Amino acid sequence: MKADHVDTIIAQWATQRPDLDCSPMGVIGRLGRAKQIITPKLDDVYKQNELSSIEFDILASLCRAGEPVTPTDLYQTLMLSSGAMSTRVDGLVKRGLVIRQASETDRRSCLVTLTEEGRALIDKVVEQHVENERQILAVLSEEEQTQLADLLRKWLAANE
């Protein structure tokens, strides 16, 4: 198997600190490097469709919900501040991709939902996004992808 950048770092530590087991760096370092490589590739698809990653996440969350949601539900799902969510939703409203509807049960609240244009855009972009992810992972077999997903699920379930 071909060595990667993290192997170089671990080898350097082994030389400088042979008393220290740096094997955790193999996993954590590779996760960090993977994020650095993956994020720009994901952002390319968003940019091609004039979206930021957060705007994509908002539209995708609304699509997955299948019904209007409150801004509070959105910002809690996406781990944003309420102010950041409000600003992003305002921008999507101005672009005609979402609308705010007054809540029938609470005058202080509203619901956010996709417009037809927003739904058409997220349907198109999510297809491109999934294909992009498929290409990013193409070096791994389906079995390897399943194994990696299972291992990451186990780690996340214990740490989220």
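**Reading helix α3 and its surroundings**

Q: Which residues of α3 are buried?
A: In this predicted model, the buried residues of α3 are Glu55, Phe56, Ile58, Leu59, Ala60, Ser61 and Leu62. Here's the general idea for reading such a list: an α-helix has 3.6 residues a turn, so residues three or four places apart point the same way.

Q: And what covers the buried residues of α3?
A: The cover includes three helices that come later in the chain, α4 (71-78), α5 (82-94) and α6 (116-136), along with α2 (23-48) and the strands β1 (98-102) and β2 (110-114).

Q: How far apart are the end C-alpha atoms of helix α3?
A: Reckon on 1.5 Å a residue: the 13 residues of α3 (residues 53-65) should span 18 Å, and the end C-alpha atoms are indeed 18 Å apart, so the two agree. Right after α3 comes glycine 66, with a positive phi near 75°.

Q: Which residues have the most contacts inside the largest nonpolar core?
A: That core has 22 residues, and Leu51, Ile58, Leu59, Leu62, Leu74 and Val98 have the most contacts inside it. Two or more residues each come from α2, α3, α4, α5, β2 and α6. The largest share, five residues, is from α3.

Q: Let's pick one of those. What does leucine 74 touch?
A: Leaving out residues up to four places away in sequence, leucine 74 touches Ile58, Ser61, Leu62, Val69, Met85, Val89 and Val112. Ile58, Ser61 and Leu62 are also on the buried list for α3.

Q: Now a polar case. Is asparagine 132 buried or exposed?
A: The cut-off for buried is under 20% relative accessible area. Asparagine 132, in helix α6, has 13% relative accessibility, so it counts as buried. With residues up to four places away in sequence left out, asparagine 132 touches Lys41, Leu42 and Val45.

Q: Zooming out, in what order do the elements of the protein chain run?
A: From the N terminus on, they go α-α-α-α-α-β-β-α-α, which is seven helices and two strands. The radius of gyration is 21 Å, well over the 15 Å from the globule rule for 160 residues, so the chain is more spread out than a compact globule. Along its principal axes, the C-alpha trace spans about 65 × 30 × 25 Å.

Q: Where do the domains fall?
A: The domain assignment gives domain 1 (1-38) and domain 2 (50-137), and their C-alpha centres lie 37 Å apart. Separately, an unreviewed UniProt entry carries the annotation "domain: HTH marR-type" over residues 24-157. Over residues 24-157 the chain is 72% helix and 7% strand.

How values were computed: Residues are numbered from 1 along each chain as its sequence is written. This is a predicted model: local features need pLDDT of at least 70, side-chain atom pairs count only at pLDDT 80 or more; totals for chains, interfaces and linings use all residues. Side-chain values use heavy atoms; hydrogens and water are left out. Domain bounds come from an automatic or database domain assignment. Helices (H or I, at least four residues) and strands (E, at least two) are DSSP runs, numbered from the N terminus. The expected span of a helix is 1.5 Å times one less than its number of residues. Buried means under 20% relative accessible area, exposed over 50%, partly exposed in between (1.4 Å probe, protein chains only). Contact means heavy atoms within 4.5 Å. A nonpolar core is a set of buried Ala, Val, Leu, Ile, Met, Phe, Trp, Tyr and Cys residues joined through side-chain atoms within 4.5 Å. UniProt positions are given in the numbering used here, feature names are shortened, and annotations may be inferred rather than shown by experiment. The radius of gyration is taken over C-alpha atoms; the globule rule is 2.2 Å times the number of residues to the power 0.38.
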